[in-house]
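Me: I've got a structure open and I'd like to learn how to read it. Can you walk me through a few features?

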Amino acid sequence: MGRPRRYNPGPANRAVQARFRRLREEAYARGLAEYDGLIQLPTFRDFVVPYVAEGSKRNRNRVSIANSDAHVVAMAASWLRVLTPKALVYSLQYHADQRPGQLRNYWGDVLDIDGGVIQLQRKSNSGQLKGRTWRSAHGVMSITISDTYLRARLQTWIDCVRAGWRLDSAVPIGA
């Protein structure tokens, strides 16, 4: 048996890859141009910072954030609706002892959407953990958008916000 063949994309695929790389770079530059104006708007930084902590950064083609706090989720959803024309996908992770219909109604009201569009995902190990009190009384809501260029712009805003942080800027306890 010989060595496995390496993938060689060929000139046509390399051209396509270069084109999409250029479009992502242009979106990143657009995000940089937008940043000074956006950061002045109420709650914009409040949208970016939770994304740093709770948002998915693994996929350059998707924006996704999850949280159990209704205020955080509603604020993030409102920004995402403004920042992209693409459809938002809602999914809810819940525990075995929770009622999915009630959770859909709750999040539908919070997000001003039809709760029936919320995809449900039951937490697989929650059946073995009966009797435990969950902090996420309404489950964990995820909002996802497949938008490569919004993801590139969001990365710009993350980089800009993080550039203002210093590693030694934590306030000492008791100060």
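Reply: Sure, let's go through the sheet, a couple of helices and the salt bridges. Keep in mind that this is a predicted model.

Me: Sheet first, then. In what order do the 5 strands sit?

Reply: The general idea: strands of a sheet pair through backbone hydrogen bonds, either parallel or antiparallel. Here the 5 strands make an open sheet with the order 1-2-5-3-4, and the pairing is mixed. At the edges you'll find strand 1 (55-56) and strand 4 (119-122), each pairing on one side only.

Me: Which way do strand 3 and strand 5 pair?

Reply: They're antiparallel, with 5 bridges between strand 5 and strand 3 (residues 89-94). To see the register, find Leu92: its opposite number in strand 5 is Met141.

Me: And what does helix 2 lie across?

Reply: Strand 1 and strand 2; its direction is at about 85° to strand 2.

Me: Now helix 3. How far apart are its end C-alpha atoms, and what span should I expect?

Reply: Work at 1.5 Å a residue: the 14 residues of helix 3 (residues 70-83) should span 20 Å, and the end C-alpha atoms are indeed 20 Å apart, so the two agree. At the start of this helix, look for a side-chain oxygen of Asp69, which comes within 2.8 Å of the backbone nitrogen of His71.

Me: Which residues of helix 3 are buried?

Reply: Ala70, Val73, Met75, Ala76, Ala77, Trp79, Leu80 and Leu83. Their cover includes helix 1 (10-38), helix 4 (100-111), strand 2 (62-67) and helix 5 (148-163), among others.

Me: Last one: how many salt bridges does the structure hold?

Reply: The general idea is that side chains of opposite charge can pair when their charged atoms come close. This structure has 3 salt bridges. Take Arg22 and Glu26: their closest N and O atoms are 3.4 Å apart, and both residues lie in helix 1, 4 residues apart, or about one turn. Arg22 has 42% relative accessibility, so it counts as partly exposed; Glu26, at 43%, counts as partly exposed too.

Me: What does Arg30 pair with, and how close do the atoms come?

Reply: Arg30 pairs with Glu34, with the closest N and O atoms 3.0 Å apart. Glu34 also forms a salt bridge with Arg153, at 2.9 Å between the closest N and O atoms. Glu34 is in helix 1 and Arg153 in helix 5, so this pair ties together parts 119 residues apart in sequence. Both Glu34 and Arg153 are buried. Through shared partners, Arg30, Glu34 and Arg153 become one network.

Note on methods
Residues are numbered from 1 along each chain as its sequence is written. This is a predicted model: local features need pLDDT of at least 70, side-chain atom pairs count only at pLDDT 80 or more; totals for chains, interfaces and linings use all residues. Side-chain values use heavy atoms; hydrogens and water are left out. Helices (H or I, at least four residues) and strands (E, at least two) are DSSP runs, numbered from the N terminus. The expected span of a helix is 1.5 Å times one less than its number of residues. Buried means under 20% relative accessible area, exposed over 50%, partly exposed in between (1.4 Å probe, protein chains only). Contact means heavy atoms within 4.5 Å. A polar contact is a pair of N or O atoms within 3.5 Å; within protein, one must be able to donate a hydrogen and the other to accept it, and residues adjacent in sequence count only if both atoms are side-chain atoms. Two strands pair if DSSP finds at least two bridges between them. Axes are lines fitted to C-alpha atoms, for helices over the stretch in contact, and angles run from 0 to 180 degrees between N-to-C directions. A salt bridge is a side-chain nitrogen of Lys or Arg within 4 Å of a carboxyl oxygen of Asp or Glu.
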